[in-house]
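Dear colleague,

Please find the structure below, handed over for your records. The findings follow directly after it.

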Amino acid sequence: MASPLNGRLRVPSDKSLSHRVALFSAMAEGTSNFLNLLDSLDVRSTLAAIEVLGAKVELDEDNDKNGLCGRITGWGSTGPKLSDSERLGSDDPAETIGSGNKLQCGNSGTTARLLLGVLGGYDITVTLEGDDSLSRRPMSRVTDPLSLMGANFEPSAHLPIKVIGCKELTAITYESLVASAQVKSAILLAGINANGITTVSEPHKSRDHTELMLPAFGAKLEVYENQVSIEGGQQLKACDCSVPADPSSAAFLLVSAAMIPGSEILVEDVLLNPTRGGFLLVMQRMGVDIAVNENPDASIGAEVCGDITVKYNERLVATTVEAHEIASLIDEIPILALLAATAKGETVFKQVSELRVKESDRLLAIINGLKALGIEAWTNDDDLHIVGGEIQPCAQVFETHGDHRLAMTWSIASRAFDLNLNIADIECVAVSYPGFFADLIRLS
Ligand code: S3P
């Protein structure tokens with residue numbers, strides 16, 4: 001039997017917030033100080049890109065090793081300018097990120113899609129590139145609305161994409177067909193530089209960090225249910241920021257504690273934004289012994305934070321996760337699917353086609369991985385069905401397709417059920433949670 005997890009820790013800082021702190025600081029006039037920015041491959045892609053575009057990024061030593069701290073001086077009203085020619089020949093790893101008017105977004109969809117929105121509104125021509133996974137992911141969901149505003153993209157469906165920005169963007173009213181914070185944010189960031197009021201609505205509310213953080217950088221916007229409007233012609237101003245711990249990273253440890261007999265863990269200072277908290281509600285419905293304590297002292301700006309405790313409980317039951325809940329737990333579905341594999345009954349995640357266009361085809365990967373663990377799982381009309389049962393692996397090697405959240409999910413399966421699985425490309429956890437294995441050992 002697996003040994004229990006016990007103790008308390010802070011997982012690394014939130015990835016979505018860290019990207020936004022970096023991008024908004026780069027757009028702002030003045031110098032923004034930041035604390036606890038996530039130090040992961042994805043956030044490094046954003047930092048390197050804004051540096052090549054002319055923002056000054058200064059990173060200080062962080063003795064706590066709890067993320068990155070330092071300053072970003074934005075390009076402000078001057079706008080972004082490619083600075084790669086001055087940078088050739090340096091030993092700084094950021095130098096390899098941009099050359100010949102190219103920006104390398106690596107594996108990071110948030111870097112690519114938000115940058116398309118930012119750059120679309122400036123007089124600049126630059127090509128965004130990504131790794132193999134990112135180059136397969138759909139970009140038209142962002143380039144279509146941005147083209148309506150007047151930006152140009154060649155081609156427009158997949159990276160690499162040459163952005164030919166336009167200083168005279170026209171505001172649009174846009175109804176997004178997907179609940180995607182990346183789409184919403186790209187349109188709003190272009191809207192800051194457009195003439196008129198840009199409005200974006202979505203079928204279900206996606207994470208609202210852009211709407212909550214832009215006012216701290218001095219921008220005015222209006223939110224009404226699933227719709228956000230922003231007036232063009234606003235200049236962002238520097239803002240000091242600190243980033244709380246990432247609920248999506250915490251979810252892996254919390255689900256492990258729920259599955260391993262004798263476990264009880266506490267994760268500190270976690271972002272408790274309701275548009276990210278769907279996984280906590282689903283865990284509660286499944287019978288997980290979970291306590292969430294908001295901590296006003298830890299809360300940052302408009303974002304609420306607190307501690308989450310989970311204790312093992314052997315009687316977990318299946319649940320149905322409705323379509324309107326999916327956006328609030330989209331990144332947690334792989335690890336919730338593993339939890340469902342241990343619960344009594346059939347769990348259904350409704351309308352999860354978005355999983356097909358994440359860092360890998362997560363829908364297929366979840367089904368194949370669960371089947372390899374001896375669990376019945378299938379899709380029907382974009383719904384994911386999982387019947388809880390006994391974990392009995394019929395394979396030793398688990399594919400991750402270089403997808404960080406799959407690597408962590410199958411690693412937790414291996415740890416929780418003492419399976420000694422061989423997990424491919426395991427180092428890809430560094431995209432969001434470089435210290436994942438060290439933290440698992442700390443709690444062991
Ligand atoms: C993110 C939005 C989500 C999420 C991703 C981060 C963001 O993507 O899956 O990990 O920071 O805006 P979608 O906008 O594609 O749903």
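The residues around the ligand, taken as those with a heavy atom within 4 Å of it, are Ser 16, Arg 20, Thr 110, Arg 113, Ser 180, Ala 181, Gln 182, Arg 207, Ile 330, Asp 331 and Lys 358. Please note that this is a predicted model, in which local features need pLDDT of at least 70 and side-chain atom pairs count only at pLDDT 80 or more, while totals for chains, interfaces and linings use all residues. Residues are numbered from 1 along each chain as its sequence is written, and side-chain values use heavy atoms, with hydrogens and water left out.

Three polar contacts with the ligand may be reported (pairs of N or O atoms within 3.5 Å). A side-chain N or O atom of Ser 180 is 2.6 Å from an oxygen atom of the ligand. For Lys 358, a polar side-chain atom lies 2.7 Å from a ligand oxygen atom. Ala 181 instead places a backbone N or O atom 3.1 Å from an oxygen atom of the ligand. The ligand taken alone exposes 390 Å², of which the protein buries 95% (Shrake-Rupley method, 1.4 Å probe).

Helix H1 (15–27), helix H3 (109–120) and helix H6 (181–191) are the elements that give two or more residues to this shell; helices are DSSP runs (H or I) of at least four residues, and strands (E) of at least two, numbered from the N terminus. By class, the shell holds two nonpolar, four polar and five charged residues, where Asp, Glu, Lys and Arg count as charged. Domain 1 (15–242) and domain 2 (244–443) each supply at least three residues to the shell, with bounds from an automatic or database domain assignment.

Some backbone features should also be mentioned. The peptide bond from Glu 154 to Pro 155 is cis, with omega near -15 degrees, and the bond from Leu 159 to Pro 160 is cis, with omega near 0 degrees. Pro 155 is in the loop between strand E8 (152–154) and strand E9 (161–164), and Pro 160 lies in the loop between E8 and E9.

Yours faithfully

Methods:
Polar contact = N/O pair within 3.5 Å; in protein donor to acceptor, adjacent residues only side chain to side chain.
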